[in-house]
Amino acid sequence: MNELQALEAQGLTELAACGDAAALRAWNTQYFGDSGKMKAAMGQIGKLPKDQKAAFGAEANRVKAALTAAYETALAAKNEEELQRGLTTNPYDVTLPGRPRARGRLHPATQILRQIYAIFADLGFQIYRTREVETDELNFELLNMPAHHPARDMWDTFFTTTPGVVLRTHTSPGQIHVMREAAGKPIRVILPGMCYRNEAISTRSEIQFYQVEGLVIGEGVTMADLKGTITAFARRMFGPERQVRIRSSYFPFTEPSIEVDIDWPKDDPNRDRLTKGTGWLEILGAGMVHPNVLRAGGYDPEKVTGFAFGMGPQRMLMLKHAIDDIRLFWQNDLRFLKQF
Ligand code: PHE
């Protein structure tokens, strides 16, 4: 019993002598650790005669509780003291401006794509996504280009190690996918996505780039609808004053085929350079869907007609911002990306 009281007195004295929280924690280990003084004192109970055990146990518990409570009070007081000291010697200046969080942004190509989606959404178009790895059949054959057709030369192709499988060179094979899924119903979609061409990389050509394809099919769809759609798009994208010019062209999967130019603003200092002095700038290729392509998609060219177009959104962004090197898009140079 007396040993317990002596332990209590000693513990309290030593506790009072602790200078900081670390010393307090060391004290705690010394008294309450696995090989601490308290445990050793409790161990005595085994050697006592039976009739003293209960009283010893009760006293031991009281001492234990008293020391624990004293420790917790002392520790809380020390922590508070240290906090106060920290606050006064190292005051926290609540008037300092916060640290700005670095925020990312959308890639310029994503931004222009979303602008295009918004314009076509207003014109009633749905977005349809199709695969980037295509069969030769869909990328070429069903688009009216059998093997060895010379028009295939317009698309330098990446072939895969699987025969008959290519990286799509344009979004046009998506036309077949949409038609087959729509199964005879009218269609009004755009097909955005990445395309791949086996080209020498230069300021004007990349081996991967986005395209946005458009496809409209229904009864009585005409070239006038194509022109109206393109004009509405060009004016939303490049300004309400834009004029649209149509030139005849050739694509195997459209007949007739056209290329569409817009007039470039007279007040743009880059006008002459961009338009090579003509004032006109090509923005896309288009045409009326070829009967063979309609048939490949399961549509009857005697009953329905359609138009299709294909544009390069990155090229549009380059026009809008006078960007002169298409390679900048995928170089991940923050000095370029942060400007958008
Ligand atoms: N697919 C053509 C290209 O890549 C563009 C195009 C699409 C032309 C649809 C006509 C109709 O160059």
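1. Let's begin with the ligand, since it gives a good first foothold in this predicted model. Three strands, β5 (208-218), β8 (280-289) and β9 (305-311), each supply at least two residues of the shell around the ligand. Which of them gives the largest share? That is β9, with three residues.

2. Next, have a look at the residues themselves. There are 14 around the ligand, and those that come nearest are Trp-155, His-170, Ser-172, Arg-197 and Gln-211. Sorted by class, the shell holds six nonpolar residues, six polar ones and two charged ones.

3. Some of these neighbours are worth zooming in on. Ser-172 has a polar side-chain atom 2.8 Å from a nitrogen atom of the ligand. In Arg-197, a side-chain N or O atom lies 3.0 Å from an oxygen atom of the ligand. For Gln-211, too, an N or O atom of the side chain is 3.0 Å from a ligand oxygen atom.

4. How much of the ligand's accessible area does the protein cover? On its own the ligand has 320 Å² of accessible area, and the protein covers 92% of that. If you are browsing the pockets, the largest one is the space that the ligand takes.

5. Now step back to the whole chain. The domain assignment gives two entries: domain 1, covering 2-89, and domain 2, covering 108-337. How far apart are the C-alpha centres of domain 1 and domain 2? They lie 81 Å apart in this model. The shell strands β5 (208-218), β8 (280-289) and β9 (305-311) can be set beside the range 108-337 given for domain 2.

6. Two details of the backbone deserve a visit as well. One is the peptide bond from Glu-255 to Pro-256: is it cis or trans? The bond is cis, with omega near -5°. You will find Pro-256 in strand β7, which runs over residues 254-263.

7. The other detail is at Ala-183. This residue is not a glycine, yet its phi is positive, near 45°. To find Ala-183, go to the loop between α7 (173-182) and β4 (187-196).

Notes: Residues are numbered from 1 along each chain as its sequence is written. This is a predicted model: local features need pLDDT of at least 70, side-chain atom pairs count only at pLDDT 80 or more; totals for chains, interfaces and linings use all residues. Side-chain values use heavy atoms; hydrogens and water are left out. A residue is near a molecule or strand if one of its heavy atoms lies within 4 Å of it. A polar contact is a pair of N or O atoms within 3.5 Å; within protein, one must be able to donate a hydrogen and the other to accept it, and residues adjacent in sequence count only if both atoms are side-chain atoms. Accessible areas come from the Shrake-Rupley method with a 1.4 Å probe; for residues, only the protein chains shown count as cover. On a 1 Å grid over the protein atoms alone, a cavity is a set of points where a 1.4 Å probe fits but cannot get out, and a pocket is an open set with protein on both sides within 12 Å along at least five of seven lines; lining residues have an atom within 4 Å of a point. A molecule sits in a cavity or pocket if more than half of its atoms lie within 2 Å of its grid points. Helices (H or I, at least four residues) and strands (E, at least two) are DSSP runs, numbered from the N terminus. Ala, Val, Leu, Ile, Met, Phe, Trp, Tyr, Cys and Pro count as nonpolar, Asp, Glu, Lys and Arg as charged, and the others, Gly among them, as polar. Domain bounds come from an automatic or database domain assignment.
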